Amino acid sequence: MTEPGRAESPVPPRSGKIIAVHAGYASRAAESGNRPAHPSYFLKPTSSLAPSGGEVERPVGTQQLTCEGEIALVIGRTARRIGLEEAWAHVGWVTAANDLGVGELRAQDHGSLLRSKGRDGFTPFGPDLIDAAAVDPGALRVRTWVNGRLVQEDTTAGLLFPPARIVADLSQHLTLEPGDVVLTGTPAGSRVLAPGDVVEVEVDAPSASEAPSSGRLRTTVVEGRVPFDPALGALPAPAARPDALSAELREKLARTPVAGLSAQLRKRGLDNVHIDGPRPLTPGSRIVGTARTLRFLPNREDLFAAHASGHNAQKRAFDAVSEGEVLVIEARGEAGAATLGDILAIRAQVRGAAGIVTDGGVRDAEAVAAVGIPVFALGRHPAVLGRRHVPWDLDLAVACGGATVRPGDVIVADADGIVVIPPALAEEVADAALAQEDEDGWVAEQVRAGHGIDGLFPMDTHWRARYAQRETAQ
């Protein structure tokens with residue numbers, strides 16, 4: 001015997017198709033800045049359906065596996081060219097679904113999302129079905145937890161397109177058959193997942209008399225084991241990210257000494273933002289840009305054989321770095337093998353990269369320096385990376401020279417060192433550092449003129465007033 005409001009089977013017997021709404025919730029549209037006037041859809045294969053309690057693989061070479069908790073409608077009666085008023089009567093059940101997707105594969109299919117969202121297990125579903133006739137379609141709720149933390153919550157009142165409208169609209173174009181699944185979209189709060197993460201999604205009707213629920217749909221993320229075959233053209237593309245630096249801000253940072261930026265970051269409580277160790281291959285080099293990251297693991301022969309051939313993580317990173325970006329390489333401070341040579345330096349320069357920072361070694365050092373792209377490295381070494389390193393992954397948080405660097409962080413380097421600036425603080429610290437530079441320049445003039453340091457550096461009220469007068473006169 002089943003509980004009230006629940007169907008006997010957690011998965012409908014004949015799911016012919018899965019149809020998903022691109023943008024369903026107002027909160028989600030606000031995140032993306034794109035609020036559609038009409039619903040648009042994509043198809044998912046039924047082979048992507050998976051029961052609660054299973055595992056889902058994050059594909060090898062990807063980092064952008066995301067969860068999207070959704071309310072799933074299961075069609076109970078054939079619907080073809082039906083009106084809005086009768087549409088809900090064609091929905092048999094409601095349950096929870098997780099519309100998983102891989103960001104690096106979005107660009108591969110020109111909008112179909114087949115590779116990104118159609119993989120086996122990418123539509124966890126259930127665990128229980130709620131009788132659609134027993135609930136108000138305008139009062140359903142969806143919630144998503146990642147590792148026990150609530151990250152998404154919204155109700156059908158927040159949908160841009162109510163469930164009945166979605167069903168009626170689809171029926172104008174194709175026949176909805178019993179067992180077909182319609183995913184109504186996800187609210188704000190989608191999260192990037194890592195192996196070991198546990199995602200739970202629940203749909204319920206809290207205002208209904210018996211408060212029916214789908215139960216918790218539980219999925220555990222595991223790391224994939226089988227890499228993509230580069231001969232088939234299915235390699236994941238690097239996830240796009242917006243440039244945090246305007247041309248004006250880049251110009252400011254190019255004029256700002258790293259020492260000044262470091263001082264301003266320290267005033268704001270950020271003291272662990274220095275990449276220690278790497279020095280410029282060419283004296284006078286300077287770097288300003290946003291981080292793109294690459295990570296090497298310690299060499300292990302079996303892993304090197306599996307991960308270093310073909311279009312490996314190292315080559316993908318150098319093929320992916322974009323104009324204005326700094327390729328930051330985690331090599332664990334191990335300079336006993338190279339992390340790049342002249343060919344890869346040329347590739348980064350052709351791609352328009354702003355520079356390369358590695359806490360490992362560089363081979364062909366003179367040739368790399370001659371390329372012209374600024375390179376900061378821990379040292380020089382003639383051996384290839386296989387002596388110490390395995391190219392492992394890219395576009396994730398790395399530890400370089402004792403500092404955490406996330407993709408999109410702002411990197412500034414000069415003869416004094418390298419700092420990592422959170423993008424949200426870049427403009428503020430640049431302005432403050434330039435203002436401090438101007439003040440320090442005036443103090444230096446007074447010292448050259450013979451004035452003593454006491455009271456002048458730092459300035460007391462007397463010297464501060466004189467400086468203010470100078471500012472007013474200008």
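This tour proceeds through the structure stop by stop, naming what to select and what is found there. The model is a predicted one.

**Stop 1: the six-stranded sheet**

Begin by selecting β2 (41–44) and β1 (18–21), which pair in the antiparallel sense over four bridges. In this pairing, Ile18 stands opposite Lys44 in β2. The two strands belong to an open sheet of six strands with mixed pairing, in the order β2-β1-β13-β6-β7-β10. Which strands stand at its edges? They are β2 and β10 (130–131); each has a single partner strand, so one side of each is left without a neighbour in the sheet. Now add helix α3, which packs on this sheet and touches β1, β2, β6, β7 and β13 (181–183). The direction of α3 makes about 80° with that of β2.

**Stop 2: the largest nonpolar core**

Next, select Ile71, Leu73, Trp88, Val94 and Leu193. Within the largest nonpolar core, which has 47 residues, these five touch the most other members. Several elements give two or more residues to this core, including β6 (69–75), β7 (91–98) and β16 (217–223). The largest share, five residues, comes from α3. In soluble globular proteins, nonpolar side chains tend to be buried together.

Keep Ile71 selected and display its surroundings. Leaving aside neighbours within four places in sequence, Ile71 is in contact with residues including Tyr25, Val94, Leu140, Val182 and Val203. Apart from this core lies another, of 24 residues; Phe296, Ala317, Ile356 and Ala377 are among them.

**Stop 3: the five-stranded sheet and its hairpin**

Select β11 (141–146) and β12 (149–155). These strands pair in the antiparallel sense over six bridges, and Thr144 stands opposite Gln152 in β12. Together they form a hairpin with two residues between them. In the turn, Asn147 has a positive phi of about 55° although it is not a glycine. Is Asn147 buried, partly exposed or exposed? With a relative accessible area of 49%, Asn147 is partly exposed.

Extend the selection to β15 (198–204), which pairs with β11 in the antiparallel sense, again over six bridges. Here the bridge partner of Trp145 is Glu200 in β15. The complete sheet is open and has five strands in the order β4-β16-β15-β11-β12, with mixed pairing. Its edge strands are β4 (54–58) and β12, each pairing on one side only. On average, neighbouring strands of this sheet are turned by 20° against each other, direction ignored.

**Stop 4: helices α4 and α5**

Move to helix α4, residues 247–255. Its buried residues are Leu249, Arg250, Lys252 and Leu253. Why are they on the same side of α4? They cover an arc of only 160° around the axis, which puts them there. The face turned away from the buried side carries the exposed residues Ala247 and Glu248. Among the elements covering the buried residues of α4 are α5 (258–267), β18 (287–298) and α10 (426–448).

Select α5 next: Val258, Gly260, Leu261, Ser262, Gln264 and Leu265 are its buried residues. Their cover includes α4, β26, β27 and α10. After α5 comes Gly269, with a positive phi near 85°.

**Stop 5: helix α10**

Helix α10 has 23 residues and reaches 32 Å from its first C-alpha to its last, close to the 33 Å expected at 1.5 Å a residue. Its buried residues include Val429, Leu434, Trp442 and Val443. Asp440, also found in α10, is partly exposed, with a relative accessible area of 28%. Select Asp440 together with Gly196: their C-alpha atoms are separated by 51 Å, and the two are 244 residues apart along the chain. Following α10 is Gly450, whose phi is positive, near 110°.

**Stop 6: particular places in the loops**

Finish with three loops. In the loop between β8 (101–102) and α2 (114–117) lies Leu113, which has a positive phi of about 65° although it is not a glycine. At 7% relative accessibility, Leu113 counts as buried. In the loop between β9 (123–124) and β10 is Pro127, joined to Gly126 by a cis peptide bond with omega of about 5°. The last selection is Pro458, in the loop between α10 and α11 (461–473). A cis peptide bond joins Phe457 and Pro458, with omega of about 0°.

Notes. Residues are numbered from 1 along each chain as its sequence is written. This is a predicted model: local features need pLDDT of at least 70, side-chain atom pairs count only at pLDDT 80 or more; totals for chains, interfaces and linings use all residues. Side-chain values use heavy atoms; hydrogens and water are left out. A nonpolar core is a set of buried Ala, Val, Leu, Ile, Met, Phe, Trp, Tyr and Cys residues joined through side-chain atoms within 4.5 Å. Buried means under 20% relative accessible area, exposed over 50%, partly exposed in between (1.4 Å probe, protein chains only). Contact means heavy atoms within 4.5 Å. The arc is that of the directions from the helix axis to the C-beta atoms. Two strands pair if DSSP finds at least two bridges between them. Axes are lines fitted to C-alpha atoms, for helices over the stretch in contact, and angles run from 0 to 180 degrees between N-to-C directions. The expected span of a helix is 1.5 Å times one less than its number of residues.
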